[in-house]
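Please have the sequence and the model side by side before reading on. The paragraphs below are meant to be followed residue by residue.

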Amino acid sequence: MTERPVILLVEDEPAIADTLTWTLKSEGFSPCHVATGHAALERLQAGDVSVVVLDVGLPDLSGFEVCRRIRAHDTSLPVMFLTARSEEIDRVLGFEIGADDYVAKPFSPREVAARLRVMLRRASPPAPAPNGASSDALMLDEAAAQIRHNGIALPLTRYEYLLLCHLLLSPGRVFSRNQLLDAVWGHDSDSTDRTVDTHIKTLRAKLRAVSPELDPIQTHRGMGYSLSP
């Protein structure tokens with residue numbers, strides 16, 4: 001029997017938590033509900049969580065702060081924000097601190113379940129070239145699911161890794177934002193061009209932290225992005 005993915009639901013509104021818990025169970029997940037940020041961080045220490053569904057407006061820590069603490073220890077665990085705050089600045093902040101998806105209230109519980117399935121499908125990295133791939137100082141390490149820059153493993157979130165990996169496997173090729181959205185986030189995602197731009201921005205910051213003089217990701221105005229061959 002296939003083991004059900006454990007979904008850590010961090011939500012302090014009982015009605016929302018009960019509805020989501022019931023839906024996630026019926027959709028084949030194993031939901032684990034907590035009502036505070038501190039309880040979520042404590043539960044994560046036990047391991048076995050596949051995805052975190054995280055409300056922003058928690059009674060103790062903000063969801064943004066919980067996400068920051070998660071990313072300080074785990075750059076690959078998928079995180080979905082579930083919140084009444086739908087302004088673009090909040091969405092951008094959520095992505096910049098490492099969220100993988102962002103759903104605004106009110107929402108359809110089955111839509112949340114569908115998005116979780118997409119996140120889980122994309123939890124496995126894409127297959128690289130047979131002997132790995134590299135572009136100058138960048139090296140893809142398939143076994144470790146890492147990308148190294150000048151020998152240093154980059155602390156990438158899941159979608160940062162998938163995005164840079166896609167560029168790295170075709171150095172010099174220009175990808176439009178729509179092509180990158182389809183390849184990395186999938187056709188059934190409602191992510192936007194801004195999502196790609198935000199992840200490119202955070203990727204560049206992490207690359208510059210290793211080699212300030214290099215900028216291997218090239219912007220092609222009106223066209224998209226490429227990785228220097």
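What follows goes through the sheet, the helices that lie on it, and then the salt bridges.

This is a predicted model, and a convenient place to begin is its open sheet, in which five strands are arranged in the order β2-β1-β3-β4-β5 with parallel pairing. Because β2 (residues 30-34) and β5 (residues 101-104) stand at the edges and have a single partner strand each, one side of each is left without a neighbour in the sheet. Neighbouring strands are turned against each other by 20° on average, when direction is ignored. Within the sheet, β1 (residues 6-10) pairs with β3 (residues 51-55) in the parallel sense over four bridges, and Ile-7 stands opposite Val-51 in β3.

Two helices can then be placed against these strands. Helix α5 (residues 109-121) packs on the sheet and touches β1, β3, β4 and β5, its direction making about 160° with that of β4. Helix α1 (residues 14-26), for its part, lies across β1, β2 and β4, with β4 spanning residues 79-83, and runs at about 165° to β2.

Turning to charged side chains, the count of salt bridges comes to 14. One of them joins Glu-27 to Arg-117, with the closest N and O atoms 2.8 Å apart; this pair links distant parts of the chain, since Glu-27 sits in the loop between α1 and β2 whereas Arg-117 belongs to helix α5, 90 residues apart. Glu-27 is partly exposed, at a relative accessible area of 24%, and Arg-117 is partly exposed as well, at 32%.

Helix α5 also contributes Arg-115 to a pair with strand β5, where Asp-101 lies, so that this pair ties together parts that are 14 residues apart in sequence. The closest N and O atoms of the Asp-101 and Arg-115 salt bridge are 2.8 Å apart. Here Asp-101 counts as buried at 8% relative accessibility, and Arg-115 is buried with a relative accessible area of 11%, because the cut-off for buried is under 20%.

A further salt bridge is formed by Glu-160 and Lys-206, whose closest N and O atoms are 2.6 Å apart. Glu-160 lies in helix α6 (residues 158-168) and Lys-206 in helix α8 (residues 193-210), so this pair ties together parts that are 46 residues apart in sequence. Glu-160 is buried, with a relative accessible area of 2%, whereas Lys-206 counts as partly exposed at 22%.

Finally, Glu-11, Glu-13, Asp-55 and Lys-105 are linked in a network of salt bridges, and Asp-55 falls within the range given for strand β3, residues 51-55.

Methods:
Residues are numbered from 1 along each chain as its sequence is written. This is a predicted model: local features need pLDDT of at least 70, side-chain atom pairs count only at pLDDT 80 or more; totals for chains, interfaces and linings use all residues. Side-chain values use heavy atoms; hydrogens and water are left out. Two strands pair if DSSP finds at least two bridges between them. Axes are lines fitted to C-alpha atoms, for helices over the stretch in contact, and angles run from 0 to 180 degrees between N-to-C directions. Contact means heavy atoms within 4.5 Å. A salt bridge is a side-chain nitrogen of Lys or Arg within 4 Å of a carboxyl oxygen of Asp or Glu. Buried means under 20% relative accessible area, exposed over 50%, partly exposed in between (1.4 Å probe, protein chains only).
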